[in-house]
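Please look over the model below before reading on. The report starts with the ligand, then turns to the domains and the backbone.

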Amino acid sequence: MSKTVLILPGDGIGPEIVAEAKKVLDAINKSGSLGIEYSHGKLGGGSIDECGVPLSDETLALARESDAILLGAVGGPKWDQIDAAIRPEKGLLKIRSELELFANLRPAILYPQLAEASTLKPEVVSGLDILIVRELTGGIYFGQPRGIRTLENGERQGYNTYVYAEHEIERIGRNAFEMARKRGKKVCSVDKANVLEATVLWREVMDRLSAEYPDVELSHMYVDNAAMQLVRAPKQFDVIVTGNMFGDILSDAAAMLTGSIGMLPSASLDKNGCGMYEPCHGSAPDIAGQGIANPLATILSVAMMLRYSLDMPEAAVQVEEAVSKVLDQGLRTADIYTDGMQKVSTSEMGDAVVAAL
Ligand code: IPM
Ligand code: MG
């Protein structure tokens with residue numbers, strides 16, 4: 001049965017890294033004749049330039065029809081001054097929200113070959129394998145009311161609303177417990193329950209859910225402490241579950257443990273496993289067009305796509321093993337380069353992964 005993958009290269013380095021990831025998907029598709037078909041759309045700045053909005057109805061319709069979406073990254077200085085309502089990032093938030101991609105999985109795995117590339121001591125990070133489960137369609141990112149208003153004294157005030165309904169907490173919690181069941185059987189729920197009521201409820205719901213998963217150990221941690229523990233002793237974590245904003249911040253920190261943010265893939269799933277796959281890093285406009293970006297996070301996102309949306313777990317493992325093989329060969333893009341290794345370009349890295357397959 002054929003499956004449709006919507007390709008959204010996006011802005012900045014997006015098109016470069018997506019091209020490499022697509023090479024890998026093509027290679028898998030050919031050898032395994034998966035019957036994958038592609039559709040193509042625009043998201044972010046490129047879409048603003050073309051049709052005035054960061055996510056057009058056409059692209060959204062293509063997204064709804066597809067089994068999975070491969071996204072590069074969105075945004076850049078060109079669109080920084082644009083009206084906040086149509087910034088490139090709004091397109092990303094809208095597609096996440098419209099498709100109800102509430103479960104964002106961000107695995108931070110240290111490939112042993114890259115222990116030296118991390119800014120942390122090898123003994124602190126070697127063997128690291130954390131899964132951050134970030135709630136993606138709620139919290140302060142979407143809460144109403146929001147805006148910038150003018151007070152009576154003429155001063156302007158910015159405001160946002162941090163809000164979570166029980167069902168939103170419950171569904172992401174279940175996701176985290178289910179994931180933990182398949183791995184280290186530990187969930188650490190991260191909140192700020194000493195200050196924020198929304199996360200007092202978050203903690204309550206996690207505790208309630210935990211009774212249904214007696215085989216999984218649940219712990220709670222305040223987000224400030226979690227940030228510290230991530231750089232102090234990251235291997236204490238198995239699955240971390242947290243809200244939208246805390247997950248955004250902690251996943252960038254976790255990314256650096258793995259040597260480079262260029263190594264961190266992600267999956268954003270709805271309740272049926274349909275999903276959007278993208279690297280955790282941004283569009284890196286400063287290095288766009290130079291052919292030096294690391295495509296591995298996007299290639300590893302393809303592995304997640306094969307696993308979670310295309311029902312091809314063996315192919316997912318093949319891609320992950322191919323990535324490991326090219327690291328064994330000493331190939332490194334600039335961001336993960338260390339002395340004695342061979343520096344390669346974006347496309348050389350993609351070609352090497354295809355060859356390793
Ligand atoms: C991410 C990004 C996005 C987010 C931005 C680009 C809106 O930082 O996916 O982590 O904050 O969710
Ligand atoms: Mg982020």
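In this predicted model, the side chain of tyrosine 141 has an N or O atom 2.5 Å from an oxygen atom of ligand 1. Two arginines make similar approaches. Arginine 96 places a side-chain N or O atom 2.7 Å from a ligand 1 oxygen. For arginine 134, a polar side-chain atom lies 2.8 Å from an oxygen atom of ligand 1. The table collects these distances.

| Side chain | Partner | Distance |
|---|---|---|
| Tyrosine 141 | Oxygen atom of ligand 1 | 2.5 Å |
| Arginine 96 | Oxygen atom of ligand 1 | 2.7 Å |
| Arginine 134 | Oxygen atom of ligand 1 | 2.8 Å |

The residues around ligand 1 also include Glu89, Leu92, Arg106 and Asp248.

Next, the domains. Domain 1 covers 1–111 and 261–357, while domain 2 covers 129–257. The C-alpha centres of domain 1 and domain 2 are 24 Å apart.

How many residues of each domain are in contact with the other? Domain 1 supplies 19 residues and domain 2 supplies 23. The size of an interface is often given as the accessible area lost when the parts come together. Here, the area buried between domain 1 and domain 2 is about 1,900 Å². Carbon and sulfur atoms give 62% of that area.

Polar links also cross the interface of domain 1 and domain 2. The rule finds one salt bridge there. Six residue pairs are in polar contact across the interface, both residues of each pair at pLDDT 80 or more. On the side of domain 1 that touches domain 2, α4 (88–98) and β4 (103–109) each supply at least two residues. β4 gives the most, with seven residues. By class, this side of domain 1 has 12 nonpolar, three polar and four charged residues.

Arginine 171 and glutamate 100 form a salt bridge. Their closest N and O atoms are 3.5 Å apart. Glutamate 100 sits in the loop between α4 and β4.

Two backbone features remain. Most residues other than glycine have a negative phi, and most peptide bonds are trans. Glutamate 100 is not a glycine, yet its phi is positive, at about 50°. Which kind of peptide bond joins glutamine 144 and proline 145? The bond is cis, with omega about 0°. Proline 145 belongs to the loop between β5 (129–135) and β6 (147–150).

Terms used:
Residues are numbered from 1 along each chain as its sequence is written. Chains are lettered from A and ligands numbered from 1 in the order in which they are written. This is a predicted model: local features need pLDDT of at least 70, side-chain atom pairs count only at pLDDT 80 or more; totals for chains, interfaces and linings use all residues. Side-chain values use heavy atoms; hydrogens and water are left out. Domain bounds come from an automatic or database domain assignment. Contact means heavy atoms within 4.5 Å. Buried area is the accessible area (1.4 Å probe) that two parts lose on being put together, summed over both. A salt bridge is a side-chain nitrogen of Lys or Arg within 4 Å of a carboxyl oxygen of Asp or Glu. A polar contact is a pair of N or O atoms within 3.5 Å; within protein, one must be able to donate a hydrogen and the other to accept it, and residues adjacent in sequence count only if both atoms are side-chain atoms. Helices (H or I, at least four residues) and strands (E, at least two) are DSSP runs, numbered from the N terminus. Ala, Val, Leu, Ile, Met, Phe, Trp, Tyr, Cys and Pro count as nonpolar, Asp, Glu, Lys and Arg as charged, and the others, Gly among them, as polar. A residue is near a molecule or strand if one of its heavy atoms lies within 4 Å of it.
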